[in-house]
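Good morning, everyone, and thank you for making time for this. I would like to walk you through one structure, slowly and in a few steps, so please have a look at it before I begin.

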Amino acid sequence: MSVQTRPPKKLISAIMADILANPIISARAIDETTRKHLNGTKFRYPKSSELIAVYRETKTIRPEIEKLLRVKQVRTDSGVAPITVLTKPYPCPGKCVYCPTEVRMPKSYVASEPAAARALSLHFDPYDQVAKRVQMLERNGHEAKKIELIVKGGTWSAYPWPYRVWFIKRCFDAANHLNQKKLVRYHSLAQSQKANESADYRIIGITLETRPDWITPKEIARLRELGCTRIELGVQAIDDHILKTVNRGHIVQDVVRATALLKAVGFKLDYHFMPGLPGSNAKKDIQMFAQLFTDPRFCPDMVKLYPCVVLPSTELIDWYHQGKFKPLEGEALIDAMVQMKSMIPHYCRLSRLVRDFPANEITGGNKTSNLRDVIKERMRQQNLKCRCLRCREAGHRPLLDKKTNIKLFTDIYDNAGGKEYFLSAEDPKRTTVLSFLRLRLPNQVPIESDKKTDLALKELKKVIPEIRDAAFVRELHTYGQALRIGQEKQEAVQHKGWGRKLMEEAERIAKAKGYKYLVVISGVGVRGYYRMLG
């Protein structure tokens with residue numbers, strides 16, 4: 001008979017006391033200590049959340065122990081708790097040949113993807129998706145009070161406006177209600193956002209995904225009203241022939257225009273790029289990817305690489321069976337992505353290298369789920385290094401020696417009619433990033449645009465007049481284990497004053513360049529921090 005009885009708290013406390021008594025600890029030592037106490041009992045192995053709860057009650061500061069106890073540590077290593085929610089199924093304006101279409105899911109998602117499966121089980125209710133995901137992270141030992149809300153599901157901008165307002169409000173309601181003994185009813189989005197500024201669980205950033213051809217001055221005003229701070233833009237390729245071949249429904253100039261408009265009001269920008277599309281090849285993909293960072297019309301802050309795969313519910317599967325399309329896969333894909341990864345500049349974060357499609361859903365194309373690890377090992381063999389933010393952020397790097405002299409670095413590049421200053425606190429060799437700030441000085445360089453873009457930028461300044469004479473702080477982020485607001489730990493990176501130092505440097509630069517104001521695009525949950533800085 002299997003042992004399923006929950007261990008009593010007294011036993012877990014005894015286990016934790018023995019663990020803490022060991023000055024040098026490892027995952028193996030924790031396991032051996034736990035099994036020693038369980039030997040001869042009827043109790044099951046305690047869950048990570050049970051061990052962490054008892055550890056925290058001891059008030060001991062042993063970061064290495066908490067790190068070993070946490071499940072999937074990477075979840076909160078970037079300093080925030082990413083919470084992904086999906087919108088309900090709704091018709092998408094796109095007709096892309098590679099995009100899956102499932103009746104039960106929003107366009108481009110399949111029900112077997114982890115986040116999609118969670119959303120489906122909760123009937124796409126935004127409130128439940130936020131609340132359940134936060135609770136799950138905390139049960140697994142993560143600190144989830146700084147929520148980075150990531151909204152997925154087709155083209156966000158195509159959903160009816162009342163639904164979008166309701167969806168985001170319910171996300172804020174869920175965050176506000178966590179830890180509330182008597183649940184407060186909020187009558188509007190603005191009211192729920194205001195409450196979240198001082199809630200225990202704060203939404204410190206909102207990411208929405210949409211298409212380049214849906215970005216207009218009116219849409220940008222609506223994005224700001226919702227509290228959005230970052231846009232994931234479905235770029236896929238920067239070649240009109242390829243976009244036409246896959247029936248994407250927009251052209252490269254739409255990407256250029258969307259980038260200029262979004263950067264003009266301080267949004268962070270994440271491009272989706274898809275190697276291996278019909279009409280392209282590995283050489284062409286590498287050239288396009290390089291252009292993303294050498295052409296000042298683009299220069300995204302983040303990139304997600306999604307190699308094109310053949311899925312059953314797509315038009316592309318017919319092309320595949322007819323021999324009209326051959327996916328980029330195997331060694332050719334790995335070699336191409338190694339080259340792409342090695343050319344990413346210091347200021348960009350490579351968030352993803354593969355979609356979470358289960359292998360049994362893929363008819364043709366890459367089925368390697370740990371592609372990032374494979375590429376990392378290949379780069380090590382070729383003595384290549386990735387400079388992207390994700391690979392260098394403090395939470396993913398070994399702890400720096402306390403004697404390490406942290407330096408402030410400044411990378412400057414032209415982008416969409418402005419100069420971007422990437423300010424960062426790093427070790428002298430630039431292998432570990434502790435904190436960074438994105439400062440934008442608009443109207444510093446000529447912008448390559450068309451008449452439609454010029455008119456849209458003029459309209460944008462009428463709709464949002466505060467952008468006329470202002471420099472922008474588009475992002476301020478300190479890496480490391482996510483801490484509670486105001487919490488401090490001896491070996492943690494957050495709450496050590498790096499954000500304040502970078503803000504002071506941004507103010508100095510903006511003032512020296514003649515700007516009247518410094519505007520911050522702030523998540524609702526961190527408005528108080530910027531007010532504190534004046």
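Let me start on the outside with a question: which residues gather in a patch of positive charge on the surface? They are Lys458, Lys461, Lys462 and Arg468, and before I say anything further about them I should make clear that we are looking at a predicted model. Lys458 has its place in helix 17, which covers residues 451-463, and with a relative accessible area of 57% it is exposed, because anything over 50% falls in that class.

Let me now step back to the chain as a whole. The protein chain contains 19 helices and twelve strands, and its C-alpha atoms fill a box of roughly 75 × 60 × 55 Å when the box is taken along the principal axes. For 534 residues, a compact globule would be expected to have a radius of gyration near 24 Å, and the protein chain has 24 Å, so the two agree. Of those 534 residues, 56% count as buried.

The next topic is salt bridges, of which a search of the whole structure finds 39. I will take three of them in turn.

The first one I have chosen pairs Asp31 with Arg35, where the closest N and O atoms are 3.2 Å apart. Both of these residues lie in helix 2, residues 27-38, and they are four residues apart, which is about one turn of the helix. Asp31 is partly exposed, with a relative accessible area of 27%. If you stay in helix 2 for a moment, you will also find Lys36 there, and this residue is exposed, at a relative accessible area of 57%. To give a sense of distance across the model, Lys36 and His346 are 310 residues apart in sequence, and their C-alpha atoms are 47 Å apart in space.

My second example is the salt bridge between Asp450 and Arg257, in which the closest N and O atoms are 2.6 Å apart. Here the pair links distant parts of the chain, since Asp450 sits in the loop between strand 10 (433-442) and helix 17, while Arg257 belongs to helix 11 (residues 252-264), 193 residues apart. How accessible are the two partners, Asp450 and Arg257? Asp450 counts as partly exposed at 23% relative accessibility, whereas Arg257, at 8%, counts as buried.

The third example is a salt bridge in which the side chains of Glu475 and Arg438 meet, at 2.8 Å from N to O. Glu475 lies in strand 11 (residues 470-478) and Arg438 in strand 10, so this pair ties together parts that are 37 residues apart in sequence. Both Glu475 and Arg438 are buried. They also belong to one network, in which salt bridges that share partners join Asp301, Glu420, Arg438, Arg440, Arg474 and Glu475.

I would like to turn now to the backbone. Most residues other than glycine have a negative phi, and with that in mind I will point out two residues in this model. For Ser108, phi is near 85°, a positive value in a residue other than glycine. Ser108 is found in the loop between strand 1 (81-86) and helix 5 (114-121), and at 16% relative accessibility it counts as buried. For Asn383, phi is near 60°, which is again a positive value in a residue other than glycine. Asn383 is located in the loop between helix 15 (371-381) and helix 16 (389-392), and at 69% relative accessibility it counts as exposed.

Finally, let me mention two residues in strands. Arg349 has its place in strand 7, residues 349-352, and is buried, with a relative accessible area of 15%. Its C-alpha atom is separated by 23 Å from that of Ser108, the two residues being 241 apart along the chain. Thr210 has its place in strand 3, residues 202-210, and is likewise buried, with a relative accessible area of 6%. How far apart are the C-alpha atoms of Thr210 and Ala158? They are separated by 8.3 Å, although their positions lie 52 residues apart along the chain when one counts from one to the other.

That is where I will stop, and I am happy to go back to any of these places with you.

How values were computed
Residues numbered from 1 in each chain as written. Predicted model: local features only at pLDDT ≥ 70, side-chain atom pairs only at ≥ 80, totals over all residues. Heavy atoms only, no water. Patch = residues over 30% accessible without salt bridge, like charges linked within 9 Å, V, L, I, M, F, W, Y side chains within 5 Å. Areas by Shrake-Rupley, 256 points an atom, 1.4 Å probe, with all protein chains shown as cover. Salt bridge = Lys/Arg side-chain N within 4 Å of Asp/Glu carboxyl O. Lys, Arg positive; Asp, Glu negative; His and termini not counted. Charge placed at Lys NZ, Arg CZ, Asp CG, Glu CD. Buried < 20%, exposed > 50% of the residue type's maximum accessible area, 1.4 Å probe, protein only. Rg over C-alpha atoms; globule rule 2.2 N^0.38 Å.
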